[in-house]
Amino acid sequence: MPEDENKQFPKNFLWGASTSGHQVEGGNHDQWTIWEKANAERLAKDAEKLQGWRWNSPVWEDIKKEAKDPQNYISGKGIDHYNRYKQDFDLAKQLNLNAFRFTVEWSRIEPEQGKIDQEAIDHYKDYIKELKKRDMEPILNIWHWTVPVWFEQKGGFKHRRNLKYFKNFVHLVATEFTDDLEYVITLNEPNVYATFSYQLGMWPPQEKNVISMLKVYLNLVKAHKTAYYLLKQQKPNLQIGVATQLANIQAKDPHDYSDEFSTRIMRFGWNWWFLNRIKHEQDFVGMNYYFTDYYNGWFKRDDPTVPRSDLGWYMEPEGLYPILLRAWAHYKKPIIVTENGVADFKDEYRRWWIEETIVAMERAVSEGVNIRGYFHWSLLDNFEWAQGWWPRFGLVEVDRQRGMRRTVRKSAEWYAERIKKLS
Ligand code: BGC
């Protein structure tokens, strides 16, 4: 059968790309902005040690100059997406995307406690309007790790008493924006945030305290539930979910007791714990997939050494398939792949990654898994948190040295063609 007759993805499948405000907008002022400035020198000095955090980068020689420069760690002007969003949406449209995930930055809308910036609200309203004008479904994400400075100063999500501030913000999002929306994501990767910011001490506020981590994690469950009911009250047919970081966790040797035991605990703790808690408060399961993790012995990661992305992450795109099947078996709710992508500045692996990913989704769809959409991370090269600017995740390359020039990568052209065939 010719390829284009073998349509497996539904007509209205969401083919999208995903972004987050702090990573692209430029001119943000939130807890990360402050932390970046305070830590840029240190991060640059420790760049070699931190390059891939856990695994070394295979392209260290190419990127070390950039990674050793403190400027690499300052989000600053971003890629000026706050001003260039229309041009960026045109690019997304050119790539045949019909959906786009973004955040509304709380720190812009409420820079001081209780003071709402109408200009910021108007900005995001126009942003949504411009997406719709291009027939792209706007997927609004309320929180992607950044918070206003005043909220962080009060202890952020560590204290239950602070949830009322988040609730007020969600209320504002519900009343101001949901008329034009069908989908809302409340939170991005609560597991990653709680772990990196409160247990490993690698991100602001750099705590290394398991109790703090657990408090934050539990408070984020509550934050989501509160947001869910508020949003539903405003618009009952809104589709609401969380973008969770789900890894395809595997035992290196399934017959080995310690490999298997570690795998089960990690699957439960990392993948299912949060989702189990909100299973009645989600209309779809949002999953960000980047990792297949192999366990060898007691809680010891032991991934194959190749192939590795620029961040040193072991790449197994087809690992999306088993995790789609497991998420479907657990929750029987539609699934949206809310993020998926690869740091690859030479654009060597990206096409292969996307191709394997589409095959993994096709296999899952053909077995009855209800997948509603796929959002590539990311449309544009962006600020990769504590690693800064050197990791390049974009379908579109951005040259920050040359007027923020945007250039569509070869892999993106291929992705665009593939979407055309599949839609
Ligand atoms: C996060 C993004 C990040 C991407 C690549 C995801 O975990 O949501 O903000 O840029 O991974 O590391």
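Which polar side-chain atom lies 2.6 Å from an oxygen atom of the ligand? In this predicted model, that atom belongs to glutamate 189. A second glutamate does much the job of a partner here: an N or O atom in the side chain of glutamate 384 sits 2.5 Å from a ligand oxygen. Tyrosine 290 joins in too, with a polar side-chain atom 3.4 Å from an oxygen atom of the ligand. As for cover, the ligand on its own would expose 310 Å², and the protein buries 95% of that.

The shell around the ligand takes in Gln23, His144, Trp145, Asn188, Glu189, Tyr290, Trp313, Glu339, Trp377, Glu384, Trp385 and Phe393. Sorted by character, these shell residues come out as six nonpolar, three polar and three charged.

Turning to the helices, asparagine 219 is found in H11, which runs over residues 210-234. With a relative accessible area of 4%, asparagine 219 counts as buried, because the cut-off for that label is under 20%. Its side chain reaches the backbone oxygen of phenylalanine 157 at 2.8 Å.

Helix H12, spanning residues 257-277, holds phenylalanine 261. This phenylalanine has a relative accessible area of 34%, so it is classed as partly exposed, between the 20% and 50% limits. Phenylalanine 261 also helps make a nonpolar surface patch of about 570 Å², together with Tyr257, Ile265, Trp298 and Phe299. Patch members need over 30% relative accessible area, and phenylalanine 261 is at 34%.

Notes:
Residues numbered from 1 in each chain as written. Predicted model: local features only at pLDDT ≥ 70, side-chain atom pairs only at ≥ 80, totals over all residues. Heavy atoms only, no water. Patch = residues over 30% accessible without salt bridge, like charges linked within 9 Å, V, L, I, M, F, W, Y side chains within 5 Å. Areas by Shrake-Rupley, 256 points an atom, 1.4 Å probe, with all protein chains shown as cover. Salt bridge = Lys/Arg side-chain N within 4 Å of Asp/Glu carboxyl O. Helix = DSSP H or I, 4+ residues; strand = E, 2+ residues; numbered from the N terminus. Buried < 20%, exposed > 50% of the residue type's maximum accessible area, 1.4 Å probe, protein only. Near = heavy atom within 4 Å. Polar contact = N/O pair within 3.5 Å; in protein donor to acceptor, adjacent residues only side chain to side chain. Nonpolar A, V, L, I, M, F, W, Y, C, P; charged D, E, K, R; others polar.
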